[in-house]
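This report describes a protein model chain by chain, then turns to its nonpolar core and to selected local features. The sequence and the structure are shown first.

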Amino acid sequence: MKFWRSAQPQGLLLLAPALIVYGVFALYPMLNVVVLSFMRWNGLTADKVFVGLSNYAGILALDPVFWTAFRNTAIWTVLSIVFPPLVGFALALGLDQKIPWRTPLRALFYMPVIIAPIAVATMWRWMYDPFFGLFNAVLTSLGLQGVIQDWLGDGAVALYSVFVASVWQTAGFSMVLFLAGLQSVSKALVEASRIDGANAWQTFWHVRTPALRPTITIVLILSTINSLKAFDIVYGMTGGGPAQATQMLALWAFTQSMQLGDFGRGSAISVVLLLITLAIVIPYLQWALRREERVR
Amino acid sequence: MTALANPFRPAGSDRIDPVLVALWLVLIVVAALWIAPFLFIIFTSLKTNSTVMGASAFAPPTNPDWTNYAAAWTRGKFSTTVFNSAVITVVKVPLGLAISAMAAYVLSRIEFRGARAIFLLIVFGTMIPFQVLLAPLFTLVNGFGLINTKLGVILPYLAFGIPYQVFVLHGFFKELPRELSEAALIDGASHFSIFWRIFLPLSLPPLAALLILDFVATWNEFAMALVILQDNSTWTLPLGLMSFQSQFSRDYGQLNAAIVMTVLPATIVYMIFQRYFVSGLTAGAVKE
């Protein structure tokens with residue numbers, strides 16, 4: 001019993017469950033996907049064959065859908081870094097003012113964030129319904145029949161239609177982070193600048209915006225990472241169609257492995273996406289840790 | 001809702017600012033647009049198919065047809081999917097928080113070689129997109145023979161919930177005064193009892209926030225469930241809704257009733273525990 005009185009074994013015992021589950025079910029698949037990307041395998045039978053880089057050659061040179069998915073993921077990411085944070089920032093600025101109902105308004109704008117992405121997909125699919133959906137009904141009643149589209153069925157607009165649903169779902173998330181950032185800007189500082197004769201615009205630009213810089217970085221990084229994860233909403237709204245027009249890397253990796261039975265190629269796509277994510281995440285984590293040390 | 005003293009007046013001023021009034025009106029209009037999808041879904045869920053096809057899309061239902069809900073409940077096998085979702089959530093959420101809190105306690109309070117490295121390795125997990133790992137997760141769970149079992153989704157759910165929870169709780173525990181655990185240690189208490197008797201009771205606010213966030217995340221999860229729960233008797237609510245959409249997409253009233261029933265639990269939880277969402281999110285992301 002003496003052994004258990006000291007700190008180390010107790011610590012080990014408390015730490016072990018989290019570490020084992022995390023190691024086995026999060027870290028191991030991440031390493032395994034790299035191994036699988038060098039194999040030819042259908043995911044079920046025992047015969048795994050080492051094929052070197054041929055899966056990578058396959059997706060990069062022979063698979064046009066990979067490049068469509070790559071381009072769509074790039075477009076989606078850029079749009080996700082710009083629009084939801086901008087909308088969220090505008091809402092946060094407005095809802096940081098002394099106006100009536102601001103608490104229920106904040107709650108309302110955040111509400112789509114907590115809804116299952118697959119439910120958002122189903123909702124918006126119905127609103128985009130070409131015959132009885134909300135959008136075409138509104139356009140018709142405004143006399144804008146010319147603008148009516150098959151929003152999800154037309155490859156030229158489908159990706160953007162899905163993205164609009166995503167803005168509706170995610171802007172509230174940025175808004176909450178920006179609101180917290182705005183509230184952490186010292187009231188004394190704002191007050192002092194006012195007394196010194198700064199107008200509202202000068203206070204905003206020279207006092208509040210610089211203080212918001214860490215929040216802005218965090219929102220942009222989280223938006224980037226979340227956009228690379230885009231899966232549910234695309235799967236639910238278009239399944240990658242029409243004719244791969246909304247195909248994304250995460251979804252294409254899933255389709256290759258789980259639906260076409262090519263775990264090698266699917267894993268190679270996953271590895272490409274993982275590398276892109278790491279290239280963004282690692283510098284960010286370094287920055288965040290340095291900042292944490294400085295604060296302390 | 002608390003009434004706001006002196007609305008529309010900027011700090012230090014008694015005059016109503018017309019810019020703020022205009023801003024407020026704009027926000028109200030945007031809010032109406034934001035809530036429109038919800039109203040449209042609820043309205044449609046109360047209409048018969050012929051009303052949906054015959055009358056204006058945004059007209060409220062004049063004589064609400066509640067039968068859509070009962071019909072969607074049966075055809076969508078909601079009794080099965082709600083039960084599965086509830087069991088998975090009720091097991092996963094408290095269990096995940098418990099093991100995360102234990103790990104966070106050790107990493108913030110017991111010094112040992114490699115503690116920093118382990119912490120970084122876990123925090124790194126907050127950034128791994130599991131959506132990329134669906135195929136290897138399937139392979140792994142299949143290797144354990146857990147495809148189509150609740151344990152088969154609970155284990156990966158636990159694994160991908162740990163990083164953020166450990167990160168937030170580690171930050172919280174570190175702020176608690178050192179003397180708290182040191183005094184107890186000198187008195188002969190074990191780390192188990194310090195964790196259980198002192199740290200857990202003190203960390204109820206962040207635990208509550210994480211509990212709510214994790215409830216919603218687990219309830220809504222789709223992608224992992226999609227690859228692991230393949231048999232329809234094991235499906236969770238999001239899988240059931242997806243299948244309903246592909247089978248009965250032309251039964252507009254019922255489809256929308258199914259959507260309402262799927263999102264209702266998370267919405268109710270959100271409305272009751274609203275303030276915890278904000279504190280749970282900002283605890284991890286924004287440090288003052």
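Chain A contains 14 helices and two strands, where helices (H or I, at least four residues) and strands (E, at least two) are DSSP runs, numbered from the N terminus. The model is predicted, so that local features need pLDDT of at least 70, side-chain atom pairs count only at pLDDT 80 or more, and totals for chains, interfaces and linings use all residues. Residues are numbered from 1 along each chain as its sequence is written, chains are lettered from A and ligands numbered from 1 in the order in which they are written, and side-chain values use heavy atoms, with hydrogens and water left out.

## The two chains

Chain B has 14 helices and zero strands. Along its sequence the pattern is accordingly α-α-α-α-α-α-α-α-α-α-α-α-α-α. The overall values for both chains are collected below. The radius of gyration is taken over C-alpha atoms, and the globule rule is 2.2 Å times the number of residues to the power 0.38.

| Chain | Radius of gyration | Radius for a compact globule | C-alpha box along the principal axes |
|---|---|---|---|
| Chain A, 296 residues | 24 Å | near 19 Å | roughly 80 × 75 × 35 Å |
| Chain B, 288 residues | 24 Å | near 19 Å | roughly 75 × 70 × 30 Å |

Burial follows relative accessible area: buried means under 20%, exposed over 50%, and partly exposed in between (1.4 Å probe, protein chains only). By this criterion, 53% of the 296 residues of chain A are buried, and buried residues make up 52% of the 288 residues in chain B. Accessible areas come from the Shrake-Rupley method with a 1.4 Å probe, and for residues only the protein chains shown count as cover. Chain A exposes about 13,100 Å², of which carbon and sulfur atoms supply 68%. For chain B the exposed area is about 12,800 Å², and carbon and sulfur atoms supply 68% of it.

A contact means heavy atoms within 4.5 Å. Among contacts between residues at least 6 apart in sequence, 66% in chain A join residues at least 24 apart. In chain B the corresponding share is 70%.

## Domains of chain B

Chain B is divided into domain 1 (18-71) and domain 2 (76-285), with bounds that come from an automatic or database domain assignment. The C-alpha centres of these two domains of chain B lie 33 Å apart. Across the boundary, 11 residues of domain 1 of chain B are in contact with 10 residues of domain 2 of chain B.

## The largest nonpolar core

A nonpolar core is a set of buried Ala, Val, Leu, Ile, Met, Phe, Trp, Tyr and Cys residues joined through side-chain atoms within 4.5 Å. The largest such core has 182 residues, and the members that touch the most others are W124(A), M175(A), F231(A), I233(A), M237(A) and Y105(B). Helix α8 (residues 158-184) of chain A provides the largest share of this core, 14 residues. At least three residues of the core come from each of domain 1 (18-71) and domain 2 (76-285) of chain B.

Leaving aside residues up to four places away in sequence, I233(A) touches W76(A), P117(A), V120(A), A121(A), V162(A), A165(A), S166(A) and Q169(A).

## Two helices of chain B

Helix α10 (residues 204-220) of chain B has 17 residues and reaches 24 Å from its first C-alpha to its last, close to the 24 Å expected at 1.5 Å a residue. The expected span of a helix is 1.5 Å times one less than its number of residues. Among the buried residues of α10(B) are L207(B), L210(B), L213(B), W219(B) and N220(B). N220(B) counts as buried because its relative accessibility is 8%. Apart from residues up to four places away in sequence, N220(B) touches I114(A), I115(A), A116(A), P117(A), P238(B) and A266(B).

Helix α12 (residues 237-248) of chain B should span 16 Å with its 12 residues, and its end C-alpha atoms are 16 Å apart, which agrees. α12(B) is mostly covered, with 10 of its 12 residues buried. These include P238(B), M242(B), F244(B) and F248(B).

## Positive phi angles

A243(A) is not a glycine, yet has a positive phi of about 50 degrees. A243(A) is placed in the loop between α12 (232-237) and α13 (249-259) of chain A, and counts as exposed at 78% relative accessibility.

N148(B), likewise not a glycine, has a positive phi of about 65 degrees. N148(B) lies in the loop between α6 (134-143) and α7 (150-175) of chain B, and is partly exposed, with a relative accessible area of 29%.
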